[in-house]
Amino acid sequence: MNSKISQYLTKHQPSTPCLIVDLDIVDHNYQQLSQTLPFADIYYAIKANPALPILKRLVAMNAFFDAASWEEVQLCLDAGAPPSHISFGNTVKKVSAIQAASQANVEMYVFDSIEEMQKIAKHAPGAKVYCRLTVDNLGADWPLSGKFGTTTEHAIELLLEAQKSGLNPYGVSFHVGSQQTDPKAYSLAIEKAALVFRALAEQNIHLQMINLGGGFPIHYREDIPKLNEFETEIQKSLHHHFNNNFPRIILEPGRAIVGNAGVISTEVILSSKRGKENGPRWVYLDIGRFGGLAETEGEAIRYQITTEYDGSDTDPVILAGPSCDGVDVLYQKSNYQLPLQLSAGDRVALLSTGAYVSTYCSTSFNGFPPLEEHYI
Ligand SMILES: *Cc1c(COP(=O)(O)O)cnc(C)c1O
(Lines give C-alpha, C1' and ligand atoms only; values in the text may rest on other atoms or scores of the structure.)
Protein backbone atom coordinates (compact mmCIF):
# COMPACT_ATOMS: atom_id res chain seq x y z
CA MET A 1 0.00 0.00 0.00
CA ASN A 2 1.12 3.58 -0.65
CA SER A 3 2.90 4.93 2.42
CA LYS A 4 0.90 8.18 2.69
CA ILE A 5 -2.33 6.18 2.90
CA SER A 6 -0.93 3.59 5.29
CA GLN A 7 0.40 6.33 7.60
CA TYR A 8 -2.98 8.01 7.55
CA LEU A 9 -4.69 4.73 8.48
CA THR A 10 -2.28 4.04 11.33
CA LYS A 11 -2.51 7.55 12.70
CA HIS A 12 -6.26 8.13 12.43
CA GLN A 13 -7.72 4.60 12.54
CA PRO A 14 -10.82 5.84 10.67
CA SER A 15 -13.95 3.78 11.17
CA THR A 16 -14.61 1.18 8.52
CA PRO A 17 -15.57 0.74 5.79
CA CYS A 18 -13.87 3.81 4.34
CA LEU A 19 -12.16 4.96 1.19
CA ILE A 20 -8.88 6.88 1.45
CA VAL A 21 -7.75 8.70 -1.70
CA ASP A 22 -4.25 10.13 -2.13
CA LEU A 23 -4.77 13.26 -4.22
CA ASP A 24 -1.11 13.46 -5.19
CA ILE A 25 -1.55 10.21 -7.11
CA VAL A 26 -4.45 11.79 -9.02
CA ASP A 27 -2.09 14.62 -10.04
CA HIS A 28 0.58 12.14 -10.98
CA ASN A 29 -1.76 10.02 -13.11
CA TYR A 30 -3.10 13.05 -14.95
CA GLN A 31 0.39 14.35 -15.64
CA GLN A 32 1.65 10.99 -16.76
CA LEU A 33 -1.22 10.62 -19.22
CA SER A 34 -0.77 14.11 -20.61
CA GLN A 35 2.99 13.64 -20.95
CA THR A 36 2.70 10.22 -22.59
CA LEU A 37 -0.07 11.32 -24.98
CA PRO A 38 0.78 15.03 -25.41
CA PHE A 39 -1.30 15.35 -28.58
CA ALA A 40 -4.54 14.65 -26.65
CA ASP A 41 -6.81 16.75 -24.45
CA ILE A 42 -7.77 14.88 -21.30
CA TYR A 43 -11.43 14.93 -20.30
CA TYR A 44 -11.74 13.24 -16.91
CA ALA A 45 -14.81 10.94 -16.89
CA ILE A 46 -16.15 12.18 -13.62
CA LYS A 47 -18.44 9.23 -12.99
CA ALA A 48 -15.33 7.31 -11.88
CA ASN A 49 -15.18 9.50 -8.76
CA PRO A 50 -16.82 12.93 -8.69
CA ALA A 51 -15.48 14.03 -5.28
CA LEU A 52 -14.85 17.78 -5.11
CA PRO A 53 -11.19 17.51 -3.97
CA ILE A 54 -10.43 15.42 -7.07
CA LEU A 55 -12.23 17.80 -9.42
CA LYS A 56 -10.42 20.78 -7.87
CA ARG A 57 -7.01 19.16 -8.37
CA LEU A 58 -7.88 18.52 -11.99
CA VAL A 59 -9.23 22.04 -12.54
CA ALA A 60 -5.93 23.36 -11.16
CA MET A 61 -4.11 21.36 -13.87
CA ASN A 62 -6.42 22.84 -16.52
CA ALA A 63 -8.10 19.51 -17.26
CA PHE A 64 -11.27 18.97 -19.27
CA PHE A 65 -14.26 16.96 -18.04
CA ASP A 66 -16.67 14.37 -19.40
CA ALA A 67 -20.04 14.64 -17.65
CA ALA A 68 -23.00 12.30 -18.01
CA SER A 69 -25.82 14.30 -16.43
CA TRP A 70 -26.72 17.90 -15.57
CA GLU A 71 -25.76 17.07 -11.99
CA GLU A 72 -22.27 16.05 -13.11
CA VAL A 73 -21.99 19.19 -15.26
CA GLN A 74 -22.85 21.21 -12.15
CA LEU A 75 -20.22 19.43 -10.08
CA CYS A 76 -17.59 20.41 -12.65
CA LEU A 77 -18.79 24.02 -12.74
CA ASP A 78 -18.84 24.17 -8.92
CA ALA A 79 -15.25 22.91 -8.88
CA GLY A 80 -14.33 25.85 -11.10
CA ALA A 81 -14.19 24.22 -14.55
CA PRO A 82 -15.04 26.61 -17.40
CA PRO A 83 -18.07 25.40 -19.41
CA SER A 84 -15.86 25.24 -22.51
CA HIS A 85 -13.93 22.47 -20.75
CA ILE A 86 -16.98 20.26 -20.25
CA SER A 87 -18.34 17.70 -22.69
CA PHE A 88 -21.81 16.27 -22.21
CA GLY A 89 -20.80 12.70 -23.00
CA ASN A 90 -23.92 10.63 -22.38
CA THR A 91 -25.85 9.49 -25.47
CA VAL A 92 -29.00 9.51 -23.30
CA LYS A 93 -29.79 12.96 -21.89
CA LYS A 94 -32.93 14.45 -20.37
CA VAL A 95 -34.31 17.44 -22.26
CA SER A 96 -34.11 19.47 -19.05
CA ALA A 97 -30.43 18.51 -18.73
CA ILE A 98 -29.65 19.61 -22.30
CA GLN A 99 -31.45 22.90 -21.70
CA ALA A 100 -29.60 23.55 -18.45
CA ALA A 101 -26.23 22.63 -19.96
CA SER A 102 -26.87 24.83 -22.98
CA GLN A 103 -27.77 27.75 -20.74
CA ALA A 104 -24.58 27.16 -18.81
CA ASN A 105 -22.65 27.42 -22.11
CA VAL A 106 -21.59 23.77 -22.37
CA GLU A 107 -20.57 23.50 -26.02
CA MET A 108 -20.17 19.83 -26.85
CA TYR A 109 -22.72 17.00 -26.87
CA VAL A 110 -22.77 13.37 -27.98
CA PHE A 111 -25.51 11.33 -29.64
CA ASP A 112 -25.93 7.96 -31.34
CA SER A 113 -29.50 8.21 -32.64
CA ILE A 114 -31.58 10.57 -34.77
CA GLU A 115 -33.97 11.20 -31.88
CA GLU A 116 -31.22 12.32 -29.49
CA MET A 117 -29.65 14.47 -32.23
CA GLN A 118 -33.01 16.21 -32.72
CA LYS A 119 -33.30 16.85 -28.99
CA ILE A 120 -29.87 18.53 -29.04
CA ALA A 121 -30.73 20.54 -32.18
CA LYS A 122 -33.85 21.85 -30.48
CA HIS A 123 -32.50 22.55 -26.99
CA ALA A 124 -28.85 23.40 -27.65
CA PRO A 125 -29.06 24.93 -31.15
CA GLY A 126 -25.78 25.27 -33.01
CA ALA A 127 -23.85 23.10 -30.55
CA LYS A 128 -20.78 21.05 -31.45
CA VAL A 129 -21.90 17.44 -31.68
CA TYR A 130 -20.15 14.13 -32.09
CA CYS A 131 -21.51 10.71 -32.88
CA ARG A 132 -20.59 7.64 -30.87
CA LEU A 133 -19.58 4.53 -32.81
CA THR A 134 -19.96 0.97 -31.60
CA VAL A 135 -16.60 -0.72 -31.46
CA ASP A 136 -15.35 -4.08 -30.34
CA ASN A 137 -14.96 -4.32 -26.55
CA LEU A 138 -12.94 -7.55 -26.68
CA GLY A 139 -10.10 -7.40 -24.18
CA ALA A 140 -12.05 -5.25 -21.72
CA ASP A 141 -12.89 -6.54 -18.23
CA TRP A 142 -15.85 -4.17 -17.98
CA PRO A 143 -17.40 -3.89 -21.48
CA LEU A 144 -19.53 -0.92 -22.53
CA SER A 145 -20.72 -2.17 -25.91
CA GLY A 146 -24.31 -2.90 -26.90
CA LYS A 147 -26.00 -0.10 -25.03
CA PHE A 148 -24.12 2.72 -26.80
CA GLY A 149 -22.96 3.69 -30.26
CA THR A 150 -23.97 3.05 -33.83
CA THR A 151 -22.50 1.75 -37.09
CA THR A 152 -20.21 3.84 -39.27
CA GLU A 153 -22.89 3.93 -42.03
CA HIS A 154 -25.52 5.25 -39.64
CA ALA A 155 -23.08 7.71 -38.04
CA ILE A 156 -22.37 9.22 -41.47
CA GLU A 157 -26.10 9.74 -42.08
CA LEU A 158 -26.63 11.16 -38.60
CA LEU A 159 -23.80 13.66 -38.88
CA LEU A 160 -25.16 14.82 -42.27
CA GLU A 161 -28.56 15.24 -40.66
CA ALA A 162 -26.99 17.07 -37.74
CA GLN A 163 -25.60 19.66 -40.11
CA LYS A 164 -28.98 20.07 -41.81
CA SER A 165 -30.48 20.60 -38.35
CA GLY A 166 -28.18 23.54 -37.70
CA LEU A 167 -25.72 21.71 -35.44
CA ASN A 168 -21.94 21.72 -35.87
CA PRO A 169 -20.87 18.16 -36.83
CA TYR A 170 -17.64 18.10 -34.88
CA GLY A 171 -16.44 14.51 -34.71
CA VAL A 172 -16.88 10.95 -33.56
CA SER A 173 -16.30 9.04 -30.35
CA PHE A 174 -16.06 5.48 -29.12
CA HIS A 175 -15.29 3.56 -25.96
CA VAL A 176 -13.25 0.38 -26.24
CA GLY A 177 -14.54 -0.91 -22.89
CA SER A 178 -13.27 -0.21 -19.40
CA GLN A 179 -10.10 -1.89 -18.07
CA GLN A 180 -9.10 -2.58 -21.69
CA THR A 181 -5.85 -4.54 -21.77
CA ASP A 182 -5.37 -4.75 -25.55
CA PRO A 183 -3.86 -1.60 -27.16
CA LYS A 184 -5.06 -2.82 -30.58
CA ALA A 185 -8.63 -2.11 -29.51
CA TYR A 186 -7.83 1.60 -30.02
CA SER A 187 -6.32 1.26 -33.48
CA LEU A 188 -9.23 -0.84 -34.71
CA ALA A 189 -11.62 1.81 -33.45
CA ILE A 190 -9.57 4.67 -35.00
CA GLU A 191 -9.87 2.88 -38.34
CA LYS A 192 -13.66 3.10 -38.05
CA ALA A 193 -13.47 6.76 -37.09
CA ALA A 194 -11.27 7.48 -40.13
CA LEU A 195 -13.83 5.88 -42.40
CA VAL A 196 -16.49 8.31 -41.15
CA PHE A 197 -14.08 11.26 -41.60
CA ARG A 198 -13.38 10.29 -45.24
CA ALA A 199 -17.02 9.65 -46.18
CA LEU A 200 -18.10 13.01 -44.79
CA ALA A 201 -15.18 14.88 -46.37
CA GLU A 202 -16.55 13.75 -49.72
CA GLN A 203 -19.76 15.53 -48.80
CA ASN A 204 -17.81 18.63 -47.79
CA ILE A 205 -18.22 18.11 -44.07
CA HIS A 206 -14.86 18.28 -42.38
CA LEU A 207 -14.96 16.66 -38.96
CA GLN A 208 -12.36 17.93 -36.52
CA MET A 209 -12.25 15.64 -33.52
CA ILE A 210 -11.91 12.00 -32.45
CA ASN A 211 -12.81 11.16 -28.89
CA LEU A 212 -10.95 7.94 -28.01
CA GLY A 213 -12.97 7.49 -24.82
CA GLY A 214 -11.55 5.89 -21.71
CA GLY A 215 -10.63 2.30 -21.05
CA PHE A 216 -6.96 2.61 -20.04
CA PRO A 217 -6.32 -0.19 -17.55
CA ILE A 218 -4.74 -0.07 -14.13
CA HIS A 219 -2.91 -2.75 -12.18
CA TYR A 220 -5.12 -4.93 -10.00
CA ARG A 221 -3.94 -8.52 -9.49
CA GLU A 222 -2.73 -9.06 -13.07
CA ASP A 223 -0.03 -7.25 -15.04
CA ILE A 224 -1.18 -4.83 -17.72
CA PRO A 225 0.54 -3.31 -20.79
CA LYS A 226 2.40 -0.04 -20.19
CA LEU A 227 0.82 3.27 -21.16
CA ASN A 228 3.58 3.63 -23.79
CA GLU A 229 2.25 0.63 -25.64
CA PHE A 230 -1.15 2.28 -25.92
CA GLU A 231 0.49 5.52 -27.06
CA THR A 232 2.51 3.72 -29.75
CA GLU A 233 -0.52 1.90 -31.09
CA ILE A 234 -2.67 5.05 -31.12
CA GLN A 235 0.04 7.19 -32.80
CA LYS A 236 0.70 4.53 -35.43
CA SER A 237 -2.96 4.28 -36.30
CA LEU A 238 -3.48 8.06 -36.43
CA HIS A 239 -0.46 8.49 -38.71
CA HIS A 240 -1.63 5.69 -40.93
CA HIS A 241 -5.12 7.12 -41.41
CA PHE A 242 -4.51 10.87 -41.17
CA ASN A 243 -0.85 11.33 -42.16
CA ASN A 244 0.20 14.60 -40.58
CA ASN A 245 -3.26 16.00 -40.67
CA PHE A 246 -4.22 14.91 -37.16
CA PRO A 247 -7.69 15.79 -35.97
CA ARG A 248 -8.09 17.05 -32.43
CA ILE A 249 -7.75 14.03 -30.12
CA ILE A 250 -9.66 13.71 -26.89
CA LEU A 251 -9.27 11.07 -24.18
CA GLU A 252 -11.79 10.37 -21.43
CA PRO A 253 -9.98 8.37 -18.78
CA GLY A 254 -11.79 7.64 -15.53
CA ARG A 255 -10.26 4.56 -13.96
CA ALA A 256 -6.72 5.51 -15.04
CA ILE A 257 -6.96 8.87 -13.23
CA VAL A 258 -8.34 7.79 -9.85
CA GLY A 259 -8.31 3.99 -9.57
CA ASN A 260 -4.90 3.43 -8.03
CA ALA A 261 -5.20 6.56 -5.87
CA GLY A 262 -7.70 4.92 -3.52
CA VAL A 263 -7.63 2.23 -0.84
CA ILE A 264 -10.59 0.79 1.05
CA SER A 265 -10.07 -0.11 4.65
CA THR A 266 -12.57 -2.74 5.76
CA GLU A 267 -13.07 -4.93 8.80
CA VAL A 268 -13.50 -8.70 8.87
CA ILE A 269 -16.90 -9.37 10.47
CA LEU A 270 -16.75 -13.15 10.39
CA SER A 271 -14.33 -15.81 9.20
CA SER A 272 -15.73 -19.34 9.23
CA LYS A 273 -15.83 -22.67 7.41
CA ARG A 274 -19.39 -22.94 8.68
CA GLY A 275 -19.13 -26.61 9.66
CA LYS A 276 -17.40 -27.84 6.52
CA GLU A 277 -14.01 -29.24 7.59
CA ASN A 278 -12.50 -28.97 4.11
CA GLY A 279 -13.64 -25.46 3.57
CA PRO A 280 -13.64 -23.21 1.76
CA ARG A 281 -13.54 -20.57 4.42
CA TRP A 282 -16.00 -17.73 4.13
CA VAL A 283 -14.68 -14.29 5.00
CA TYR A 284 -17.36 -11.64 5.44
CA LEU A 285 -16.21 -8.01 5.21
CA ASP A 286 -18.03 -4.86 6.28
CA ILE A 287 -18.15 -3.74 2.63
CA GLY A 288 -19.73 -5.69 -0.21
CA ARG A 289 -21.52 -5.35 -3.52
CA PHE A 290 -23.99 -2.82 -2.05
CA GLY A 291 -21.35 -0.90 -0.13
CA GLY A 292 -19.82 0.21 -3.44
CA LEU A 293 -18.02 -2.83 -4.84
CA ALA A 294 -20.39 -3.07 -7.82
CA GLU A 295 -17.57 -3.98 -10.19
CA THR A 296 -17.16 -7.33 -8.44
CA GLU A 297 -20.32 -8.28 -10.40
CA GLY A 298 -19.33 -11.38 -12.39
CA GLU A 299 -15.95 -11.04 -10.59
CA ALA A 300 -15.04 -8.66 -13.43
CA ILE A 301 -12.70 -6.45 -11.41
CA ARG A 302 -10.53 -8.40 -9.00
CA TYR A 303 -9.07 -6.13 -6.33
CA GLN A 304 -5.80 -6.91 -4.66
CA ILE A 305 -6.23 -7.52 -0.93
CA THR A 306 -3.63 -6.99 1.77
CA THR A 307 -3.69 -7.83 5.49
CA GLU A 308 -1.34 -7.38 8.42
CA TYR A 309 -0.45 -11.10 8.25
CA ASP A 310 0.77 -11.11 4.64
CA GLY A 311 3.56 -13.66 4.15
CA SER A 312 2.07 -16.20 6.58
CA ASP A 313 0.21 -19.40 5.59
CA THR A 314 -3.03 -18.95 3.66
CA ASP A 315 -6.04 -20.99 2.59
CA PRO A 316 -8.67 -20.51 -0.12
CA VAL A 317 -11.52 -18.18 0.78
CA ILE A 318 -14.83 -16.98 -0.53
CA LEU A 319 -15.21 -13.26 0.11
CA ALA A 320 -18.63 -11.83 0.87
CA GLY A 321 -20.24 -8.59 1.98
CA PRO A 322 -22.19 -7.84 5.16
CA SER A 323 -25.75 -7.60 3.80
CA CYS A 324 -28.60 -10.13 3.93
CA ASP A 325 -28.67 -10.43 0.14
CA GLY A 326 -27.51 -13.70 -1.42
CA VAL A 327 -25.85 -11.96 -4.37
CA ASP A 328 -23.65 -9.99 -1.99
CA VAL A 329 -20.70 -12.32 -2.64
CA LEU A 330 -17.55 -10.66 -3.97
CA TYR A 331 -15.28 -13.50 -5.07
CA GLN A 332 -15.97 -17.21 -5.27
CA LYS A 333 -14.22 -18.31 -8.48
CA SER A 334 -11.19 -16.06 -8.63
CA ASN A 335 -8.83 -18.05 -6.39
CA TYR A 336 -8.50 -15.70 -3.46
CA GLN A 337 -6.33 -16.90 -0.56
CA LEU A 338 -6.04 -15.15 2.79
CA PRO A 339 -3.89 -15.76 5.89
CA LEU A 340 -5.20 -18.48 8.23
CA GLN A 341 -4.82 -16.10 11.16
CA LEU A 342 -7.22 -13.53 9.72
CA SER A 343 -10.26 -13.31 11.97
CA ALA A 344 -13.14 -11.09 13.08
CA GLY A 345 -12.06 -7.56 13.95
CA ASP A 346 -8.97 -7.52 11.72
CA ARG A 347 -8.59 -4.79 9.14
CA VAL A 348 -8.10 -5.64 5.49
CA ALA A 349 -7.16 -3.26 2.66
CA LEU A 350 -8.62 -3.41 -0.83
CA LEU A 351 -6.15 -1.74 -3.18
CA SER A 352 -6.85 0.44 -6.22
CA THR A 353 -10.43 1.14 -5.26
CA GLY A 354 -10.43 4.87 -6.09
CA ALA A 355 -12.64 4.43 -9.18
CA TYR A 356 -16.22 3.22 -9.45
CA VAL A 357 -16.76 2.56 -5.74
CA SER A 358 -17.75 5.66 -3.74
CA THR A 359 -20.80 6.56 -5.85
CA TYR A 360 -21.95 3.00 -6.43
CA CYS A 361 -22.60 2.49 -2.75
CA SER A 362 -26.22 2.27 -1.59
CA THR A 363 -27.60 4.80 0.87
CA SER A 364 -28.63 2.48 3.69
CA PHE A 365 -29.34 -1.04 2.50
CA ASN A 366 -29.77 -3.19 5.65
CA GLY A 367 -29.13 0.02 7.57
CA PHE A 368 -25.47 0.23 6.57
CA PRO A 369 -24.45 3.87 6.10
CA PRO A 370 -22.74 5.05 2.90
CA LEU A 371 -19.00 4.63 2.57
CA GLU A 372 -16.95 7.26 4.37
CA GLU A 373 -14.47 9.06 2.14
CA HIS A 374 -11.16 10.68 3.10
CA TYR A 375 -9.24 12.78 0.57
CA ILE A 376 -5.69 13.40 1.68
C1 LIG B 1 -17.25 5.50 -18.22
C2 LIG B 1 -16.84 6.30 -19.38
C3 LIG B 1 -15.52 6.72 -19.53
C4 LIG B 1 -14.41 6.31 -18.58
O5 LIG B 1 -13.99 5.01 -18.80
P6 LIG B 1 -12.72 4.40 -18.03
O7 LIG B 1 -12.69 3.00 -18.53
O8 LIG B 1 -12.97 4.51 -16.59
O9 LIG B 1 -11.53 5.16 -18.46
C10 LIG B 1 -15.21 7.52 -20.60
N11 LIG B 1 -16.14 7.90 -21.50
C12 LIG B 1 -17.43 7.51 -21.38
C13 LIG B 1 -18.42 7.99 -22.39
C14 LIG B 1 -17.82 6.70 -20.33
O15 LIG B 1 -19.09 6.32 -20.24
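This report walks through the annotated domain, the ligand site, the cavities and a few unusual backbone spots of the structure above.

## The model and its annotated domain

Keep in mind as you read that this is a predicted model. An unreviewed UniProt entry annotates residues 26-259 as "domain: Orn/DAP/Arg decarboxylase 2 N-terminal". Helix makes up 42% of that span and strand 18%. If you look for the two ends of the span, you will find their C-alpha atoms 9 Å apart.

## Around the ligand

Let's turn to the ligand, which has 14 residues around it. The closest are K47, S178, E252, R255 and Y356. Sorted by class, the shell holds three nonpolar, six polar and five charged residues.

Some contacts here are worth finding on screen. Y356 places a polar side-chain atom 2.6 Å from an oxygen atom of the ligand. H175 also uses a polar side-chain atom, at 2.9 Å from a ligand oxygen. With G254, it is a backbone N or O atom that lies 2.9 Å from an oxygen atom of the ligand. How much of the ligand does the protein bury? Taken alone, the ligand exposes 390 Å², and the protein buries 92% of that.

## Two enclosed cavities

The count of cavities of 30 Å³ or more comes to two. The largest has a volume of about 40 Å³. Its lining is made of R132, L133, T134, V135, N137, L144, S145, F148 and H175. By class, that lining has four nonpolar residues, four polar ones and one charged one. You have met H175 already: this residue lines the largest cavity and also has a side-chain atom 2.9 Å from a ligand oxygen.

The second largest cavity has a volume of about 30 Å³. Which classes of residue line the second largest cavity? Eight nonpolar residues do, with no polar and no charged ones. They are L285, L293, Y303, I305, L319, L330, Y331 and L350.

## Unusual spots in the backbone

Start with the loop between α1 (3-12) and β1 (18-21), where P17 lies. The peptide bond joining T16 and P17 is cis, with omega about -5 degrees. Q13 lies in the loop between α1 and β1 too, and has a positive phi of about 40 degrees although it is not a glycine.

Another cis peptide bond runs from G279 to P280, with omega near 0 degrees. P280 sits in the loop between β12 (262-272) and β13 (281-285). Finally, visit strand β9 (residues 178-180), which contains Q179. Phi of Q179 is positive, near 55 degrees, in a residue other than glycine.

Definitions and conventions: Residues are numbered from 1 along each chain as its sequence is written. This is a predicted model: local features need pLDDT of at least 70, side-chain atom pairs count only at pLDDT 80 or more; totals for chains, interfaces and linings use all residues. Side-chain values use heavy atoms; hydrogens and water are left out. UniProt positions are given in the numbering used here, feature names are shortened, and annotations may be inferred rather than shown by experiment. Helices (H or I, at least four residues) and strands (E, at least two) are DSSP runs, numbered from the N terminus. On a 1 Å grid over the protein atoms alone, a cavity is a set of points where a 1.4 Å probe fits but cannot get out, and a pocket is an open set with protein on both sides within 12 Å along at least five of seven lines; lining residues have an atom within 4 Å of a point. Grid points are joined across faces, edges and corners, and a volume is the space filled by probe spheres set on the points. Ala, Val, Leu, Ile, Met, Phe, Trp, Tyr, Cys and Pro count as nonpolar, Asp, Glu, Lys and Arg as charged, and the others, Gly among them, as polar. A residue is near a molecule or strand if one of its heavy atoms lies within 4 Å of it. A polar contact is a pair of N or O atoms within 3.5 Å; within protein, one must be able to donate a hydrogen and the other to accept it, and residues adjacent in sequence count only if both atoms are side-chain atoms. Accessible areas come from the Shrake-Rupley method with a 1.4 Å probe; for residues, only the protein chains shown count as cover.
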